[in-house]
Amino acid sequence: MADVLAAPQQLKTDSAARTLTGISIAHWISHFHIFVLPMLFPFLKDRLGVGYIELGFALTIFALVSGLTQAPIGYLADHIGARKILLIGLCLGGFALIGLGAHLSYPALIASAIALGLANSVYHPANYAILSAHMDEARMGRAFSVHTFAGFLGGAVAPAIMAALVAAIGGLGALMVAGAIGPLVALLLVVMGIPDAGAAKDRPEGSEKVKISVMTPAIMVLTVFFTLLSLSSAGINNFGVVALMGGYGVSFSSANIALTAFLGASAAGVLAGGYLADRTQRHSQVAAACFVVNAAIVLLIALVNLPSAVLTAALGLAGFLGGVITPSRDMLVRNAAPPGAAGRAFGIVSTGFNFGGIVSPLLFGWIMDHNLPHWVFGASAAFMVLTVLLALVTDRKPQESEARAAA
């Protein structure tokens with residue numbers, strides 16, 4: 001009898017584990033694809049004969065498209081199903097890179113950035129909708145943590161993977177191989193049987209008559225918070241390698257090692273932050289404390305030419321602390337979301353990343369074109385200070401958010 005009763009629970013647990021694995025793989029791809037073009041900046045600059053501001057403009061286009069479409073994609077996922085949206089995004093992003101590798105030109109780079117931006121807009125609304133619908137409520141925070149870890153890991157290994165691909169098959173081949181991973185993962189998710197979420201046909205009868213507003217003050221503040229988070233890390237993520245090479249006398253391989261340490265430690269910090277988020281309700285204070293230390297570390301890098309080993313360690317510590325706040329960041333959004341609107345809430349606040357992405361490539365590209373590589377880190381530290389200030393006003397209790405939504 002015990003075995004009979006345990007069987008349904010075991011099946012549910014296995015299904016949740018399979019779902020979390022598949023969605024985490026998709027999130028790995030999303031972050032990996034985000035870093036493909038920045039990691040190829042030296043190759044693209046040489047082959048296309050353009051400056052860093054032109055390359056930064058492609059990233060701005062990517063962020064602009066993703067920012068404008070992320071919230072609408074969240075609503076679309078609610079209507080036709082998050083799984084369909086996710087599979088389309090994986091394929092679109094992959095074919096965008098394959099096409100750029102097959103026909104390299106600056107117009108093709110801009111077209112690829114547009115397609116990549118649209119593809120990137122699907123991941124947060126679709127992934128969080130599926131996780132929210134199919135994960136155990138008691139383990140939701142840890143599920144978010146694993147999902148985010150996978151994304152950070154995708155970004156962390158991107159520099160090493162792209163460097164290896166360029167060395168083995170050249171820049172064009174690297175683009176095509178990096179792109180091919182997207183459709184292959186989409187096929188994998190189909191084979192795994194990833195469940196759907198958010199489709200209109202699956203809503204309880206009469207639920208479509210209930211209009212839930214997600215444009216609450218808490219969500220708006222969190223959108224600004226996400227924008228500052230993006231600005232505080234985008235310069236290091238996208239221009240850290242060229243800044244270290246141009247202003248610190250660091251070799252290409254050493255700069256990539258330092259960036260990999262920053263991104264890899266961020267991924268490790270996410271897992272640590274997941275346990276911390278489960279044990280505190282003061283998520284904004286966690287974010288503020290970590291970013292105070294981060295700002296000090298990054299400012300030190302901006303002001304002092306550190307030895308390569310110390311530089312790598314400093315960036316690793318900064319990355320770890322940046323990762324620690326991420327589960328708390330996600331819990332802030334979930335707590336602020338009206339009931340049944342987590343997917344749309346994440347779609348809206350995630351546009352903050354894209355707003356930051358619109359500004360940061362042009363800003364940091366301008367910094368590099370004016371031969372001010374130390375200011376890549378100096379500006380990042382300044383944005384971290386602003387993030388600390390805003391973090392202190394982002395904490396919203398779930399019941400407060402629900403009261404606002406009801407009003």
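1. Helices H8 and H9 are a good place to start: they run roughly antiparallel to each other, a label for angles over 145 degrees. Their axes cross at roughly 150 degrees and come within 9 Å. Here an axis is a line fitted to C-alpha atoms over the stretch in contact, with angles from 0 to 180 degrees between N-to-C directions. H8 covers residues 217–247 and H9 covers residues 252–278; helices are DSSP runs (H or I, at least four residues), numbered from the N terminus.

2. A word on the source: this is a predicted model, in which local features need pLDDT of at least 70, side-chain atom pairs count only at pLDDT 80 or more, and totals for chains, interfaces and linings use all residues. Residues are numbered from 1 along each chain as its sequence is written, and side-chain values use heavy atoms, without hydrogens and water.

3. Which residues of H8 and H9 make the contact? On H8 they are Ile236, Asn237, Val241, Leu244 and Met245, and on H9 Phe252, Ala255, Asn256, Ala258, Leu259, Phe262 and Leu263, where contact means heavy atoms within 4.5 Å. Ten of these residues are nonpolar, two are polar and none is charged.

4. Now to the cavities, meaning sets of points on a 1 Å grid where a 1.4 Å probe fits but cannot get out. The whole structure has four of 30 Å³ or more, and the largest has a volume of about 920 Å³. Among its 43 lining residues (an atom within 4 Å of a point), His31, Ser230, Ser233, Asn237 and Phe353 are the closest to its centre.

5. H8 returns here, giving the largest share of that lining with seven residues.

How values were computed: Helices (H or I, at least four residues) and strands (E, at least two) are DSSP runs, numbered from the N terminus. Angles under 35 degrees count as roughly parallel, over 145 as roughly antiparallel, 65 to 115 as roughly perpendicular and the rest as oblique. Ala, Val, Leu, Ile, Met, Phe, Trp, Tyr, Cys and Pro count as nonpolar, Asp, Glu, Lys and Arg as charged, and the others, Gly among them, as polar. On a 1 Å grid over the protein atoms alone, a cavity is a set of points where a 1.4 Å probe fits but cannot get out, and a pocket is an open set with protein on both sides within 12 Å along at least five of seven lines; lining residues have an atom within 4 Å of a point. Grid points are joined across faces, edges and corners, and a volume is the space filled by probe spheres set on the points.
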